Amino acid sequence: MIETTGTTLYFALDTFLTVGSTSTSSEGTFIADNVTFTSAHSRPAYGDWKGVWFDDNATSDSLIKNSTIAYAGKDYSGTPNAALTIYKSSPTLQDNVITAAGDVGLHLWLSSCLLYTSPSPRDQR
């Protein structure tokens, strides 16, 4: 299990973060609260890095909340890539922002996912 809170994770061009990789056949749990996932490039651009990928061995205890994913979603080999891809898994996403994605912000692929957002101040009027 990997847990991180209140930090910024920088990703080099063409890199990605995988949780629960099928190549290792081991389960993975990733918990991120108030984390910024972003490009390490000095002048970030849309789709600099490939993004975050929850694979089919990611546990349902995985969670990203109050976080930002920026400049991800790199297109590779002519295949669009999402800033956040969920493949055959079911993490929870709560109050996140995906910005400056290269192609797609969120891709659910043979998956279910719990998505939560808090009411905006405008909704509370």
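In the predicted model, the backbone nitrogen of Ala45 lies 3.0 Å from a polar atom of the Asp48 side chain. Asp48 itself is placed in the loop between strands E5 and E6. This aspartate is buried yet forms no salt bridge. The nearest side chain of opposite charge, that of Lys74, is 6.6 Å away, and a salt bridge would require a side-chain nitrogen within 4 Å of a carboxyl oxygen. Beyond residues up to four places away in sequence, Asp48 touches Leu13, Asp14, Ser39, His41, Arg43, Tyr71 and Lys74. Lys74 is thus among the residues touched by Asp48, although the two are not joined by a salt bridge.

The fold surrounding this site is built from strands. The protein chain contains 13 strands and zero helices. Of its 125 residues, 38% are buried. Contacts between distant positions are frequent by the following count: among contacts joining residues at least 6 apart in sequence, 70% join residues at least 24 apart.

Aromatic pairs provide individual examples of such long-range links. A search of the whole structure finds five aromatic pairs. In one of them, the rings of Phe11 and Trp49 have centres 4.1 Å apart and planes at 5 degrees, so the pair is classed as stacked. Phe11 belongs to strand E2 (residues 8–11), whereas Trp49 occupies the loop between strand E5 (36–39) and strand E6 (51–54); the pair therefore ties together parts that are 38 residues apart in sequence. Both Phe11 and Trp49 are buried.

A second pair is formed by Trp53 and Tyr87. Here the ring centres are 6.2 Å apart and the planes stand at 40 degrees, so the arrangement is tilted. This pair also links distant parts of the chain, with Trp53 in strand E6 and Tyr87 in strand E9 (residues 82–87), 34 residues apart. Trp53 has a relative accessible area of 19% and is buried; Tyr87, at 17% relative accessibility, likewise counts as buried. Ring pairs extend this arrangement to Trp109, linking Trp53, Tyr87 and Trp109 into a cluster.

Nonpolar packing was examined next. In soluble globular proteins, nonpolar side chains tend to be buried together. In the present model, the largest nonpolar core comprises 19 residues, of which Phe30, Phe37, Val52, Phe54, Ile64 and Ile69 touch the most other members. Strand E3 (16–19), strand E4 (30–33), E6 and E9 each supply at least two residues of this core, and E9 gives the most, with three residues. The surroundings of one of these core residues, Ile64, illustrate the packing. With neighbours within four places in sequence left aside, Ile64 is in contact with Phe30, Ala32, Phe37, Val52, Phe54, Leu84, Thr92, Leu93, Gln94 and Asn96.

Leu106, in strand E12 (residues 104–109), is partly exposed at 32% relative accessibility. Its contacts, again excluding neighbours within four places in sequence, are with Ala82, Leu84, Ile86, Leu93, Ile98 and Leu115. The C-alpha atoms of Leu106 and Ile86 are separated by 8.0 Å, with their positions 20 residues apart along the chain taken as the sequence separation. Leu84 and Leu93 appear among the contacts of Leu106 and also among those of Ile64.

A further buried polar residue, Ser89, is found in the loop between E9 and strand E10 (92–94). Its relative accessibility is 7%, and Ser89 accordingly counts as buried. The Ser89 side chain reaches the backbone oxygen of Phe54 at 3.4 Å. Apart from residues up to four places away in sequence, Ser89 touches Phe54, Asp55, Ala58, Ser111 and Ser112. Phe54, the partner of Ser89 in this approach, is also one of the core residues that touch the most other members.

Finally, two loop residues were noted for their backbone geometry. Most residues other than glycine have a negative phi. Asn34, however, has a positive phi of about 60 degrees although it is not a glycine. Asn34 is placed in the loop between E4 and E5 and, at 48% relative accessibility, counts as partly exposed. Ala100 likewise has a positive phi, near 55 degrees. Ala100 lies in the loop between strand E11 (97–99) and E12, and its relative accessibility of 13% places it in the buried class.

Notes. Residues numbered from 1 in each chain as written. Predicted model: local features only at pLDDT ≥ 70, side-chain atom pairs only at ≥ 80, totals over all residues. Heavy atoms only, no water. Phe/Tyr/Trp six-rings, centres within 6.5 Å; stacked < 30°, edge-to-face > 60°. Helix = DSSP H or I, 4+ residues; strand = E, 2+ residues; numbered from the N terminus. Buried < 20%, exposed > 50% of the residue type's maximum accessible area, 1.4 Å probe, protein only. Contact = heavy atoms within 4.5 Å. Polar contact = N/O pair within 3.5 Å; in protein donor to acceptor, adjacent residues only side chain to side chain. Lys, Arg positive; Asp, Glu negative; His and termini not counted. Core = buried A, V, L, I, M, F, W, Y, C linked by side-chain atoms within 4.5 Å.
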